[in-house]
Amino acid sequence: MPKKTEKLAEKTAKTPKAKKVAPKKALKPDVVKVAPVKVAKPVAAASSTTPKSAPKTTYFFANGKRKTSVACVRLHKDGKGVITINERSFENYFPVFTDQDKVLSPLKVTNNLKTFDISVQVHGGGIHSQAEAVRHGIAKALLELSAEHRSVLKPLGFLTRDSRIKERKKYGLKRARRAPQWQKR
């Protein structure tokens with residue numbers, strides 16, 4: 001009998017057998033082959049009258065904003081007063097005279113109506129909001145040109161960004177603050 005108890009004691013004293021695990025394979029780094037980049041040689045520009053082929057080098061840049069409209073404005077020096085907005089003529093893009101007057105007002109106040117060519121890329125918002133964003137951008141670009149314009153533009157509010165935007169909708173409501181209609185019965 002003592003032999004059985006010794007065998008039991010030996011079984012309980014032994015540690016459980018370790019599982020055999022295959023050794024992990026060494027990970028190879030991913031090798032990405034990159035094709036050589038070909039650099040195009042500069043080609044002499046053909047003389048034409050389109051504004052894209054004849055880039056103007058000296059300009060003053062500013063962003064104008066209002067609500068969700070953003071206007072990227074470039075004032076090109078030594079211009080004739082040509083204004084292009086989104087590659088369209090100024091009068092075509094803003095057919096309403098009040099919007100045209102908004103856009104031209106910083107130039108009129110600073111007496112620079114025919115001294116710059118202006119190119120604008122504007123997106124977002126509505127037409128009236130875009131006109132005010134362009135006005136804000138032109139005023140900021142004029143400020144880049146000369147700090148003396150600040151005393152004229154600031155009191156008229158052309159340098160102030162109108163930051164009023166639509167408030168976000170809240171959960172449980174119809175709009176930002178409009179609650180669902182309450183009914184007693």
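**Figure 1. Asp 162 and Arg 66 meet in a salt bridge.** In this predicted model, the closest N and O atoms of Asp 162 and Arg 66 sit 3.0 Å apart. Asp 162 comes from the segment after helix H5 (150-153) and Arg 66 from strand E1, so this pair ties together parts of the chain that are 96 residues apart in sequence. Have a look at how much of Arg 66 is covered: its relative accessible area is 12%, and because the cut-off for buried is under 20%, Arg 66 counts as buried. By the salt-bridge rule used here, the count for the structure is seven.

**Figure 2. Glu 132 and Lys 102 form a salt bridge between two helices.** The N-to-O distance here is 3.2 Å. Glu 132 belongs to helix H4 (residues 127-145) and Lys 102 to helix H3, so to speak two distant parts of the chain, 30 residues apart. The two partners fall into separate classes of accessibility: Glu 132 is buried at 18%, while Lys 102 is partly exposed at 22%. Zoom out a little and a network of salt bridges comes into view, linking Arg 66, Lys 102, Glu 132, Asp 162 and Arg 164. The Asp 162 and Arg 66 pair of the previous view therefore shows up again, as both residues are members of that network.

**Figure 3. Asp 101 and Lys 108 pair up through their side chains.** This is another salt bridge, with 2.9 Å from N to O. How buried or exposed are the two residues? Asp 101 has a relative accessible area of 41%, which makes it partly exposed. Lys 108 is partly exposed too, at 42%.

**Figure 4. Strands E1 and E2 make an antiparallel hairpin.** E1 covers residues 59-66 and E2 covers residues 69-76, and the two pair over eight bridges. Which residue of E2 is the bridge partner of Arg 66? Ser 69. Two residues lie between the strands, and in this hairpin Lys 67 takes a positive phi near 50°. Follow the side chains along E1 and you'll see them alternate. Phe 60, Ala 62, Gly 64 and Arg 66 point to one face and are buried. Tyr 59, Phe 61, Asn 63 and Lys 65 point to the other face and are not buried.

**Figure 5. Phe 90, Tyr 93 and Phe 94 form one aromatic cluster.** The structure holds two aromatic pairs. In one of them, Phe 90 and Phe 94 meet edge-to-face, with 6.4 Å from centre to centre and 70° between the planes. In the other, Tyr 93 and Phe 94 are also edge-to-face, at 5.0 Å centre to centre and with 90° between the planes. Phe 94 takes part in both pairs. As for burial, Phe 90 and Phe 94 are buried, and Tyr 93 is buried as well.

**Figure 6. Gln 100 reaches the backbone of Phe 94.** Gln 100 is part of helix H3 (residues 97-109). A polar atom of the Gln 100 side chain lies 2.7 Å from the backbone oxygen of Phe 94. What else does Gln 100 touch, if you leave aside its neighbours within four places in sequence? The contacts are Phe 90, Glu 91, Phe 94 and Pro 95. Gln 100 has a relative accessibility of 11%, so it counts as buried.

Notes: Residues are numbered from 1 along each chain as its sequence is written. This is a predicted model: local features need pLDDT of at least 70, side-chain atom pairs count only at pLDDT 80 or more; totals for chains, interfaces and linings use all residues. Side-chain values use heavy atoms; hydrogens and water are left out. Helices (H or I, at least four residues) and strands (E, at least two) are DSSP runs, numbered from the N terminus. Buried means under 20% relative accessible area, exposed over 50%, partly exposed in between (1.4 Å probe, protein chains only). A polar contact is a pair of N or O atoms within 3.5 Å; within protein, one must be able to donate a hydrogen and the other to accept it, and residues adjacent in sequence count only if both atoms are side-chain atoms. Contact means heavy atoms within 4.5 Å. Two strands pair if DSSP finds at least two bridges between them. Rings of Phe, Tyr and Trp (its six-membered ring) pair if their centres lie within 6.5 Å; planes under 30 degrees apart count as stacked, over 60 as edge-to-face and the rest as tilted. A salt bridge is a side-chain nitrogen of Lys or Arg within 4 Å of a carboxyl oxygen of Asp or Glu.
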